Amino acid sequence: MKKTYLFVGFLFLIMIHVGMQLQSPVVFKEKLSDYGFFEGNIADQKPISGVVPYQLNAPLFSDGAHKLRFIQLPVNQQVPYNPDTVFQFPKGTAIIKTFYYKKDERADKKGRQLIETRVLLHEATGWIALPYIWNEAQTDAFLEITGGTTQVAWRDVHGAKKTLQYAIPNMNQCKGCHERNGVMSPIGTSARQLNGDFKYANGFDNQLFRWQKMQLLTALPAAKTIPKLVHYEDGTARLDDRARAYLDIHCAHCHHKTGAAQTSGLFLDWQTQDSTALGFYKTPVAAGRGSGNRLFDIVPRKPNESILLYRMESLDPGEMMPELGRQVQHQEGIKLIKAWIEAM
């Protein structure tokens, strides 16, 4: 009898193993065009009905690349408003972001080079990020889960020729920025980032109220109660508001109580008010050589003694912040944070 139980148990284990082997692996769409997000020439990025374009009040700097953003909710599905975190979109939501460079920043008519499109899908098991790289002919973008590089050349606003070996992150690198408490999540789609006007086909409208009209968003409160980030390059806004908006989008996805850098004790999200958590006279937990031999994250009125500024200025992969999505200095951001620290 004992041998019989052992034999049956052995067969059961074999059946489980064979069943696992026979399960079909998850298959992702090979081409961006396979999703049907856009109509006509896919390079024109003209969304179909139900795919909604949007923009952020304070966008992330990504080596000077421009971005086109779109979102698609499942049919008859909505997202509830909340003032604090990214919106909790229903299963089946797709967020699409295309990175491109204008061939000449002084003349839109000279065209653009599409580099990559990142597709963030909310599946039954959670969010997953998929990188699609555009081909040289600009006819489609193809899935490359290991990421890649693309040579980019353009002329800046002063007419100077610029070149860059643009790096496209792989799927695991996407997780590094998008995880909160170990769970993948979007970053920019929050009330404070979407509370601004967008130019739709029929004119300008506040994005949140347009989403409400489209029955995509529910429980939207009075406009005056909705938080709003300023654009950090808006010289008419308060310096502190500009700096906090910059830190919120560039740093807080990791430097947050639920982010990948939560053990650092440095929290740079828009809601943090504690001066120590913001870095004032705070010693780093484990900056290593990334400290640049400076003692504190932020030394009020002394930007050149502040680790925060040092890591923004660095181009060393072992020191620079953010760790991904940047190979060059963001001069406007450096100037802003330097002025912010000087004014403390």
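## A buried residue in helix α7

I334 counts as buried because its relative accessibility is 8%, where buried means under 20% relative accessible area, exposed over 50% and partly exposed in between (1.4 Å probe, protein chains only). The residue belongs to helix α7; helices (H or I, at least four residues) and strands (E, at least two) are DSSP runs, numbered from the N terminus. Apart from neighbours within four places in sequence, I334 is in contact with L309, M312, E313 and Q329, a contact being heavy atoms within 4.5 Å. The C-alpha atoms of I334 and I168 are 24 Å apart, with their positions 166 residues apart along the chain.

## Basis of the model and overall form

This is a predicted model, in which local features need pLDDT of at least 70 and side-chain atom pairs count only at pLDDT 80 or more, while totals for chains, interfaces and linings use all residues. Residues are numbered from 1 along each chain as its sequence is written, and side-chain values use heavy atoms, with hydrogens and water left out. The pLDDT is the predictor's confidence in each residue, from 0 to 100. Its mean over the protein is 90, and 90% of the residues reach 70 or more. Residues 1-25 have a pLDDT below 50, and this stretch has zero contacts in the model beyond near neighbours in sequence. Where pLDDT is low, the predicted coordinates should not be read in detail.

The protein contains seven helices and 14 strands. Its C-alpha atoms fill a box of roughly 80 × 55 × 45 Å along the principal axes. Of its 344 residues, 46% count as buried. Among contacts between residues at least 6 apart in sequence, 53% join residues at least 24 apart.

## The nonpolar core and helix α4

A nonpolar core is a set of buried Ala, Val, Leu, Ile, Met, Phe, Trp, Tyr and Cys residues joined through side-chain atoms within 4.5 Å. The largest such core has 24 residues, and I71, F87, F89, L208, W211 and L217 have the most contacts inside it. At least two residues of this core come from each of β1, β6 (126-134), α3 (191-194), β12 and α4 (207-213). W211 touches V52, Y54, I71, F87, F89, L194, Y200, L216 and L217, with residues up to four places away in sequence not counted.

F209 also lies in helix α4. F209 is partly exposed because its relative accessibility is 23%. Outside the four nearest places in sequence, F209 is in contact with L220, P221, A223 and I226.

## The cavity

Rolling a probe the size of a water molecule over the atoms shows where empty space is left. On a 1 Å grid over the protein atoms alone, a cavity is a set of points where a 1.4 Å probe fits but cannot get out, and a pocket is an open set with protein on both sides within 12 Å along at least five of seven lines; lining residues have an atom within 4 Å of a point. Grid points are joined across faces, edges and corners, and a volume is the space filled by probe spheres set on the points.

The whole structure holds one cavity of 30 Å³ or more. The largest cavity encloses about 90 Å³, and its lining includes I334, M312, M321 and P322. By class, this lining has seven nonpolar, two polar and one charged residues; Ala, Val, Leu, Ile, Met, Phe, Trp, Tyr, Cys and Pro count as nonpolar, Asp, Glu, Lys and Arg as charged, and the others, Gly among them, as polar.

## The two largest pockets

The largest pocket holds about 1,300 Å³. It is lined by 42 residues, of which F61, G64, A65, H66 and E105 are the closest to its centre. Strand β2 provides the largest share of the lining, five residues. The lining comprises 17 nonpolar, 13 polar and twelve charged residues.

The second largest pocket holds about 760 Å³. Of its 36 lining residues, L60, K97, R118, P169 and H178 lie nearest its centre. Helix α2 gives the most to this lining, with four residues.

## Backbone features

Most residues other than glycine have a negative phi, and most peptide bonds are trans. M321 and P322 are joined by a cis peptide bond, with omega about -5°, and P322 lies in the loop between α6 (307-313) and α7.

N76, which is not a glycine, has a positive phi of about 65°. N76 is in the loop between β2 and β3 (79-80) and counts as exposed because its relative accessibility is 76%. Y281, also not a glycine, has a positive phi of about 55°. Y281 is in the loop between α5 and α6 and is partly exposed, at 47% relative accessible area.
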